[in-house]
Amino acid sequence: MLIANPKATSTSQRARDVLVRAFAGDADVLVAETARRGHATDLARDAARDKYDVVVALGGDGTVNEVVNGLLADGPSPAVPGLAVLPCGSANVFARALGMPNDPIAAMRMVLAALRAGRHRTVGLGTASLPDGGERYFTFCAGVGLDAEVVREVELRRLEGARADPSLYVRTTLRHFFRGTDRRRPALTLEVPGRPPESGLFLSFVSNTSPWTFLGPLPLNPSPLANFNRGLEVFAMRSLKVPPVLGTAAQMMLARNRPVQGGQVANVHDAAQVTLRAERPVAFQLDGDYLGEQEAITFRSVAKAIRIVI
């Protein structure tokens with residue numbers, strides 16, 4: 001099954017037709033286009049229960065996240081179809097973290113070659129559990145605080161017709177940092193089993209792989225040790241004053257092999273489980289999708305969760 005998001009940022013209908021025809025030449029393919037948020041999850045769940053061999057996600061990170069959650073609706077299992085990714089979004093963090101080219105045609109060639117040769121790679125994922133009992137998988141990162149607020153604002157701008165390119169994220173981040181987010185009252189407490197809780201945090205990223213995100217071709221990397229074969233990495237900020245934020249941003253752009261350091265930074269490495277609690281409802285995002293405001297979220301690492309055709 002090839003699940004295509006017709007509203008993916010970086011492809012036209014003509015380009016999607018080319019990709020679909022290329023796959024149809026190599027396999028018996030059912031093409032399904034998404035019509036609403038959450039539709040890709042429903043389609044992938046049906047594909048898993050109908051025992052398809054492979055599900056191809058044609059879209060951005062949001063589409064990939066939905067497909068993963070549909071495939072794993074009944075939990076990880078060797079019977080779950082393999083996942084192939086054709087990156088067509090604005091950032092494509094998951095595909096690029098896998099080493100795929102940031103171009104759907106080049107990625108298609110890679111995926112077709114892997115399908116013909118029967119090659120795959122099994123990777124770990126993260127889950128986020130909410131107080132209402134809901135649980136959702138994520139492929140590369142979760143964010144609580146400022147970055148989730150920016151994702152929320154960008155989604156609103158996109159509904160108004162703005163294009164989700166790097167400049168939109170930069171403009172929105174700067175505007176929201178100075179005029180929107182609360183930079184005086186930290187709300188978060190980080191809890192890790194076996195360690196004392198750490199309170200007084202303004203924001204946190206929980207990473208399943210690196211980088212955390214991309215600014216066009218530039219990777220932003222607060223937790224370079226994160227990868228699909230380890231537990232979760234956590235980065236958090238104790239201050240949102242301008243000097244430490246600028247220093248942290250510079251390290252995120254330049255650091256390659258060690259986590260961002262500093263007196264206003266907190267890190268956790270290779271964690272099986274972490275919990276973030278908030279004194280008031282705080283914005284929350286998974287894989288770049290805004291999921292509302294929460295007061296407590298528990299994140300867990302799930303090893304060897306899904307097979308990637310690559």
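**Exercise 1. Is S207 buried or exposed, and at what relative accessibility does it count as such?**

Solution. This is a predicted model, and local features need pLDDT of at least 70.
- Step 1: Place the residue. S207 sits in strand β10.
- Step 2: Apply the cut-off. Buried means under 20% relative accessible area. S207 has 1% relative accessibility, so it counts as buried.
- Step 3: List what surrounds S207. Neighbours within four places in sequence are left aside. S207 then contacts F140, C141, S223, A226, L232 and E233.

**Exercise 2. Work out which way the residues of β10 point, and how many are buried.**

Solution. Start with the general rule.
- Step 1: Side chains in a regular strand alternate between the two faces of the sheet.
- Step 2: Sort the residues of β10. L203, F205 and S207 point one way. S204 and V206 point the other way.
- Step 3: Check burial. Five of the five residues of β10 are buried, and the strand is mostly covered.

**Exercise 3. Find the strands that pair with β10, and name one residue pair for each.**

Solution. Take the partners in turn.
- Step 1: Look at β7. Four bridges join β7 to β10, and the two run antiparallel.
- Step 2: Name residue pairs. G143 has F205 as its bridge partner in β10. A142 stands opposite V206.
- Step 3: Turn to β13, residues 232-237. Five bridges join β10 to this strand, again antiparallel.
- Step 4: Name a pair here. L203 stands opposite M237 in β13.

**Exercise 4. Describe β7: its residue directions, its burial and its pairing with β15.**

Solution. Begin with the strand itself.
- Step 1: β7 covers residues 141-144. C141 and G143 point one way, while A142 and V144 point the other way.
- Step 2: Check burial. All four of these residues, C141, A142, G143 and V144, are buried.
- Step 3: Find the pairing. Three bridges join β7 to β15, residues 273-286, and they run antiparallel.
- Step 4: Return to G143. G143 stands opposite Q285 in β15, and its partner in β10 is F205.

**Exercise 5. Locate the nonpolar cores, then list the contacts of L86.**

Solution. Take the largest core first.
- Step 1: The largest nonpolar core has 69 residues. Those with the most contacts inside it are V67, L71, L83, L86, F94 and I306.
- Step 2: Examine L86. Residues up to four places away in sequence are not counted. L86 then touches L19, F23, V56, A57, L58, G59, P104, A107, M108 and V111.
- Step 3: Add the other core. A second, separate core has 24 residues, including A128, V206, V282 and F284.
- Step 4: Link back to β10. V206 belongs to the second core, and V206 is buried in its strand.

**Exercise 6. Compare the settings of N92 and D270, which both have a positive phi.**

Solution. Go residue by residue.
- Step 1: Phi of N92 is near 55 degrees. N92 lies in the loop between β4 (82-87) and α4 (93-97).
- Step 2: Classify N92. Its relative accessible area is 4%, so N92 is buried.
- Step 3: Phi of D270 is near 50 degrees. D270 lies in strand β14, residues 265-271.
- Step 4: Classify D270. Its relative accessible area is 43%, so D270 is partly exposed.

**Exercise 7. Which residues does Q294 touch, and is Q294 buried or exposed?**

Solution. Place the residue before counting its contacts.
- Step 1: Q294 lies in strand β16, residues 289-308.
- Step 2: The relative accessible area is 18%, so Q294 is buried. The cut-off is under 20%.
- Step 3: Leave out residues up to four places away in sequence. Q294 then touches L130, P131, A278, R280, P281, V282 and F284.
- Step 4: Cross-check with the cores. V282 and F284 are among the residues of the second core.

**Exercise 8. Name the residues that line the largest cavity, and sort them by class.**

Solution. Fix the volume, then the lining.
- Step 1: The largest cavity has a volume of about 30 Å³.
- Step 2: L190, V192, R195, P196 and E198 line this cavity.
- Step 3: By class, the lining has three nonpolar, no polar and two charged residues.

**Exercise 9. Where is the cis peptide bond that joins S210 and P211?**

Solution. Two steps suffice.
- Step 1: Omega of the bond between S210 and P211 is about 0 degrees.
- Step 2: P211 sits in the loop between β10 (203-207) and β11 (213-215).

Key
Residues are numbered from 1 along each chain as its sequence is written. This is a predicted model: local features need pLDDT of at least 70, side-chain atom pairs count only at pLDDT 80 or more; totals for chains, interfaces and linings use all residues. Side-chain values use heavy atoms; hydrogens and water are left out. A nonpolar core is a set of buried Ala, Val, Leu, Ile, Met, Phe, Trp, Tyr and Cys residues joined through side-chain atoms within 4.5 Å. Buried means under 20% relative accessible area, exposed over 50%, partly exposed in between (1.4 Å probe, protein chains only). Contact means heavy atoms within 4.5 Å. On a 1 Å grid over the protein atoms alone, a cavity is a set of points where a 1.4 Å probe fits but cannot get out, and a pocket is an open set with protein on both sides within 12 Å along at least five of seven lines; lining residues have an atom within 4 Å of a point. Grid points are joined across faces, edges and corners, and a volume is the space filled by probe spheres set on the points. Ala, Val, Leu, Ile, Met, Phe, Trp, Tyr, Cys and Pro count as nonpolar, Asp, Glu, Lys and Arg as charged, and the others, Gly among them, as polar. Two strands pair if DSSP finds at least two bridges between them.
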